[in-house]
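Here is a short report for someone meeting this structure for the first time. Take a look at the sequence and the model, then read on.

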Amino acid sequence: MELEEKLAILADSAKYDVACTSSGSDRGGQAGSIGNCQAPGCCHTFTADGRCVSLLKVLYTNICAYDCRYCVNRRSNDLPRAAFTPRELADLTIQFYRRNYIEGLFLSSAVLVSPDYTMEQMISALTLLREEYRFRGYIHAKAIPGSSPELVRRLGLLADRLSVNIELPSEASLGLLAPDKSRAAILRPMGQIAASATQNRQELALYRHAPRFAPAGQSTQMIVGATPESDRQILHLTQGLYRKYSLKRVFFSAYIPVVEDSRLPALYTPPPLLREHRLYQADWMLRYYHFSAEEILDEDCPNFDPYMDPKCHWALRHFDRFPVDVNRAGEEELLRVPGIGPRSARRILIARKNGALGLPELKRIGVVLKRAQYFLCCRGYSGSRSPRRELVARALLDPEAFNEGCEQLSLFSAPQVQQLAGQGVAPRLAGLQVKEEAVKCIARQM
Ligand code: SF4
């Protein structure tokens, strides 16, 4: 098989592996335009200093010994199969790099023969890249669950970032849909990577030329919407992964049906992109806003509201805690105010040393007053005078729940909202009623 053919197959097979939040996008190229979301092969990542770099994103092979029901590459699926040799993959990466197409490599793989055999092949390819070609670019490699600890260690010494996919939010779902995998086999390498990274930091403190182990840390990917877990369960798991395994990121991947199976959503069900978006918003609240999963969702409210971002929703449910006085509140309290982010909170703390802040100063600092005005008071502004919660809810409806950013709500049907109705989050709505009903629905949850 020609290398070009292998590349087309293996880059296409890698497209469901998310390294960024762009899963589900299907915009093709067009005459007279530039850009193409469908062209396989390249994806992007962000460096520590904020630069966006292009990566060659491929599977080492899509020949898989496992049969995970949700996966297009599963053993029982009839599709073209291919595998690189280590030399082919290393050469290809370097050729792409020399032509300035990419700056790094994102390498994942199906399970060829066994986890250990696959890892050995990946390690051989990365060793060629690092040692023979002296490639110093970014490499993100997926560790294969079930492979030996020694192979995970060797992979970590070659790659900048490692990831092990958690795949599904619960052990029960994993047993049902991916019987060849086990939660223990996934968590063990995650634990090993976290422990090795800690040990490596100590070694580097003693000896700065010590070999570096996965210096960009580890991440994971979770499929959302293939199984019945609530957002609350997913968020609790996410928080546990951050705390226990020091993950840099948990990526959520809206499930795209690829197979007819009674245990999975029907074919052509649209991927739950709005839910994925809400999970990313809540993920930011965990990582940058000092929220805990228990605060964001609870037993009474186990799923995100489709119409409102989780921070605004939390603020409305805890309306008695507001308004917050921006000239006195601590950083954590400021971060709870919708419209104030980590950067504007820090700027407020610095700016108020020079005098009390009013609305014009807050606007200059970057506070989004459109949202924050209902939840704060400051010099010359005592907060919205006892606003009715329903009025505030109406003002804070998330336009993304109603526009094409996630899924177009037509005047005659509301597919995304109907999908969420299945989770008991929202009523079935139609036409121009949508916004009015959304407000009532939110008010009922308060
Ligand atoms: S191990 Fe499972 S998820 Fe991974 S490629 Fe094979 S079938 Fe797909």
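## Two helices that cross

At roughly what angle do the axes of helix α2 and helix α3 cross? The model is predicted, and in it the two axes cross at roughly 45°. They come within 8 Å of each other. Helix α2 covers residues 86-98, and helix α3 covers residues 115-132. An angle over 115° but not over 145°, or from 35° up to 65°, counts as oblique. So α2 is oblique to α3. The crossing is right-handed.

Which residues make the contact? From α2 come P86, R87, L89, A90, T93 and I94. From α3 come Q121, S124, A125, L128, L129 and E132. Sorted by class, the contact of α2 with α3 has seven nonpolar residues, three polar ones and two charged ones.

## A residue of α3

Y117 also belongs to helix α3. Is Y117 buried, partly exposed or exposed? Its relative accessible area is 34%, so Y117 is partly exposed. Residues between 20% and 50% fall in that class.

Y117 can be paired with L151, which is 34 residues away along the chain. The C-alpha atoms of Y117 and L151 are separated by 9.8 Å.

## The chain as a whole

The chain has 446 residues. Buried residues make up 52% of them. The secondary structure comes to 17 helices and nine strands.

How do contacts span the sequence? Take the contacts between residues at least 6 apart in sequence. Of these, 65% join residues at least 24 apart.

## Around the ligand

Which residues surround the ligand? They are C64, Y66, C68, C71, N73, R74, A110, V111 and K181. By class, this shell has six nonpolar residues, one polar residue and two charged residues.

N73, one of the residues around the ligand, also appears among the contacts of S13. S13 lies in helix α1, which spans residues 3-13. Leaving aside neighbours within four places in sequence, S13 is in contact with L59, N62 and N73. S13 has a relative accessible area of 9%, so this residue is buried. The cut-off for buried is under 20%.

## Loops with unusual backbone

Two residues have a positive phi although neither is a glycine: V113 and E167. For V113 the value is about 70°. For E167 the value is also about 70°.

Where do they lie? V113 is placed in the loop between β3 (104-108) and α3. E167 sits in the loop between β5 (161-163) and α5 (171-177). What of their exposure? V113 has a relative accessible area of 65%, so V113 is exposed. E167, at 10% relative accessibility, counts as buried.

## A cis peptide bond

Which form does the peptide bond from F322 to P323 take? The bond is cis, with omega near 5°. P323 is found in a loop too. That loop runs between α10 (310-317) and β8 (324-325).

Definitions and conventions:
Residues are numbered from 1 along each chain as its sequence is written. This is a predicted model: local features need pLDDT of at least 70, side-chain atom pairs count only at pLDDT 80 or more; totals for chains, interfaces and linings use all residues. Side-chain values use heavy atoms; hydrogens and water are left out. A residue is near a molecule or strand if one of its heavy atoms lies within 4 Å of it. Ala, Val, Leu, Ile, Met, Phe, Trp, Tyr, Cys and Pro count as nonpolar, Asp, Glu, Lys and Arg as charged, and the others, Gly among them, as polar. Axes are lines fitted to C-alpha atoms, for helices over the stretch in contact, and angles run from 0 to 180 degrees between N-to-C directions. Helices (H or I, at least four residues) and strands (E, at least two) are DSSP runs, numbered from the N terminus. A crossing is left-handed if the near helix is turned anticlockwise from the far one by less than a right angle, and right-handed if clockwise. Contact means heavy atoms within 4.5 Å. Buried means under 20% relative accessible area, exposed over 50%, partly exposed in between (1.4 Å probe, protein chains only).
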